[in-house]
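Work through these exercises with the model open beside you. Try each task before reading its solution.

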Amino acid sequence: MTDTILFDTSQVVIAWTDPDDFIRQTTDLIQGNKIPGVYVHNGTLVEVARVQGLTGDEGRRVVPLSAASLRRLIAEHVVAEKRSMTRDGEKLSPGQPTGGAHESVISGNDWSGTHQLVGINAVPVIMDDGSVKLERGWSSDTRRYYHPTRGVPALTSVEDARGFLLDEVTRDLPFASDADRANYLALLFTPLVREYLTRDGSAMHVPGALINAAEAGTGKSLAADLIGASYGSTKRPWSASEEEIRKTVPAALSDPNPVVIVDNLKRGTTLASSAVENMLTSNVYTDRVLGRTDSIAVENRKLWLFTGNNVTAETEMAARLVPVRLDAKSADPAGRPQSGFAIPNLDTWITNPDNQTRLLSALVTLVSAWVVDGHPRDGLNWRSFSTWASAMGGFLDWLGVPGFLDNRKTFEETSGETEELDDVLTAWDACFGDQKLNVRRFRDVLTSDTHSDSLRTLRDNFRARDGSVQSETAVGRWLRAQVGRVSASGLQLRNPNDAKGNPRLWCVSRV
């Protein structure tokens with residue numbers, strides 16, 4: 001049986017004669033794990049300190065052990081007495097030495113017997129047998145310190161957990177496609193899967209995500225908040241200034257919550273930041289402290305979520321983001337009647353701590369069952385994120401959810417193409433005005449004998465390698481990737497329903 005608090009809590013005494021004796025005895029106590037709260041991390045003595053998050057959640061942070069902290073821990077957990085000889089015999093006087101004795105202890109370089117601390121997690125760790133480490137504190141199994149910022153989950157049946165998640169909690173989020181739904185569910189499970197795959201101290205890069213929509217009130221913030229409420233989140237602002245972003249990133253990484261949400265980006269924002277790009281492909285984010293020669297190094301175990309209306313990303317950023325698009329197919333998304341929803345007023349429901357714990361319990365149950373079934377992978381490759389993509393693809397196949405990352409390539413290919421989008425929508429507006437066309441009709445016009453400057457622009461943008469107009473499939477794929485985006489000229493590509501209620505028509509309108 002593995003203990004989660006592996007410190008000897010019996011009475012510990014240091015009876016020292018001089019500072020050197022104190023240094024030797026204290027070093028032995030740390031090597032024997034008899035001073036609670038002291039660990040070794042990357043070869044350095046550290047302690048787990050309390051830290052307050054922006055949302056009021058009290059978390060824990062790994063900090064280097066200082067002389068003052070060591071003195072405090074000894075005062076709290078050890079009987080320290082100075083031993084001296086007097087005329088009446090041996091005398092014991094309570095106290096610790098002054099001077100540099102504590103610094104000398106910390107400067108030691110052999111801590112092979114001290115508990116190794118890989119890091120801190122606010123997310124339960126699932127073991128190979130499907131069991132879940134729920135005890136707070138340090139575990140020898142994971143060498144991580146578990147301090148949840150949410151309620152402790154309880155396992156339920158797989159059938160109940162799957163139904164609750166797919167048929168209730170996420171049922172009424174208006175995903176634009178199966179791929180968007182699958183991508184979102186992958187994000188919802190990512191903190192748990194990451195803890196499982198990296199429980200032995202191994203590294204895994206996790207992409208960020210862009211939760212996008214054409215209209216306000218579609219549910220972007222709610223979708224992000226469902227993930228954040230399950231594990232704990234911090235919300236951070238976005239800035240067009242790279243210098244400001246470089247301040248935001250380490251502050252967010254130092255927050256005790258595992259999810260970072262950059263919410264409600266300004267309509268039409270193009271995401272770009274070398275700091276964020278580097279952070280998403282680094283397990284330890286390093287940077288120079290602005291205005292100083294010092295550098296910082298912060299562990300990156302966060303899931304980053306960006307939300308906004310008609311937000312795009314520059315090419316390098318897009319290659320590091322999971323696309324999730326919401327489309328309510330409504331002129332008034334926020335006004336949709338709640339009476340038909342599986343969980344009315346989901347935005348209020350998820351703020352209840354009991355509901356947060358219930359959702360986390362369902363997530364833990366499903367990941368645990370996937371682990372017991374051999375945690376199948378699907379072999380997906382995606383640059384630095386292949387370990388994550390393969391694991392999440394296998395998990396979603398196991399869960400019975402199709403479409404994972406099917407839209408990623410198109411998202412990457414069309415990101416940053418703002419000039420091309422403006423050319424196409426401007427030409428479309430000149431050719432068709434407010435007409436609603438299906439893909440076949442649009443392509444028939446492109447292949448017709450009609451000639452104009454605007455049609456020439458459209459033909460050039462939809463030309464295949466052999467010079468012919470692209471197939472209906474290729475044209476439709478491009479249109480689906482651009483739906484809802486607003487061009488520099490203020491034109492927007494829309495995808496209204498046809499007479500049968502299917503979103504097969506296309507038109508351009510001015511916003």
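A strand here is a DSSP run of type E with at least two residues, numbered from the N terminus. Keep in mind that this is a predicted model.

**Exercise 1. Place Glu47 and decide whether Glu47 is buried or exposed.**

Step 1. Find the element. Glu47 sits in strand S3, which spans 44-52.

Step 2. Apply the cut-off. Buried means under 20% relative accessible area. Glu47 has 8% relative accessibility, so Glu47 counts as buried.

**Exercise 2. Which side chains make polar contacts with the side chain of Glu47?**

Step 1. Start with Ser69. Its side chain and that of Glu47 are joined by a polar contact of 2.8 Å.

Step 2. Go on to Arg72. Here the side-chain polar contact with Glu47 is 2.9 Å.

Step 3. Widen the view. Leave out residues up to four places away in sequence; Glu47 then touches Gly37, Arg61, Val62, Val63, Leu65, Ser69, Arg72 and Leu73.

**Exercise 3. Describe the largest pocket and its lining.**

Step 1. Take the volume: about 1,100 Å³.

Step 2. Locate the centre. The lining has 47 residues, and Val62, Val118, Gly119, Ile120 and Glu299 are the closest to the centre.

Step 3. Assign elements. Those supplying at least two lining residues include strand S3 (44-52), strand S4 (58-64) and helix H5 (178-197). S4 gives the most, with six residues.

Step 4. Sort by class. The lining holds 20 nonpolar, 17 polar and 10 charged residues.

**Exercise 4. Do the same for the second largest pocket.**

Step 1. Its volume is about 730 Å³.

Step 2. The lining comprises 34 residues. Nearest the centre are Ser177, Asp180, Asn407, Arg480 and Ala481.

Step 3. H5, strand S12 (208-213), strand S20 (321-326), helix H13 (408-414) and helix H17 (472-482) each give two or more residues. H17 gives the most, with five.

Step 4. The classes are 12 nonpolar, 11 polar and 11 charged.

**Exercise 5. Summarise the protein chain as a whole.**

Step 1. Count the elements: 17 helices and 22 strands.

Step 2. Take the extent. Along the principal axes, the C-alpha atoms fill a box of roughly 115 × 55 × 40 Å.

Step 3. Check burial. Of the 511 residues, 51% are buried.

Step 4. Look at contacts. Among those between residues at least 6 apart in sequence, 72% join residues at least 24 apart.

Step 5. Finish with the surface. The accessible surface is about 22,900 Å², and 46% of that belongs to carbon and sulfur atoms.

Methods:
Residues numbered from 1 in each chain as written. Predicted model: local features only at pLDDT ≥ 70, side-chain atom pairs only at ≥ 80, totals over all residues. Heavy atoms only, no water. 1 Å grid on protein atoms, 1.4 Å probe; cavity = no way out; pocket = protein on both sides within 12 Å on 5 of 7 lines; lining within 4 Å. Points joined across faces, edges and corners; volume = space filled by probe spheres on them. Helix = DSSP H or I, 4+ residues; strand = E, 2+ residues; numbered from the N terminus. Nonpolar A, V, L, I, M, F, W, Y, C, P; charged D, E, K, R; others polar. Buried < 20%, exposed > 50% of the residue type's maximum accessible area, 1.4 Å probe, protein only. Contact = heavy atoms within 4.5 Å. Areas by Shrake-Rupley, 256 points an atom, 1.4 Å probe, with all protein chains shown as cover. Polar contact = N/O pair within 3.5 Å; in protein donor to acceptor, adjacent residues only side chain to side chain.
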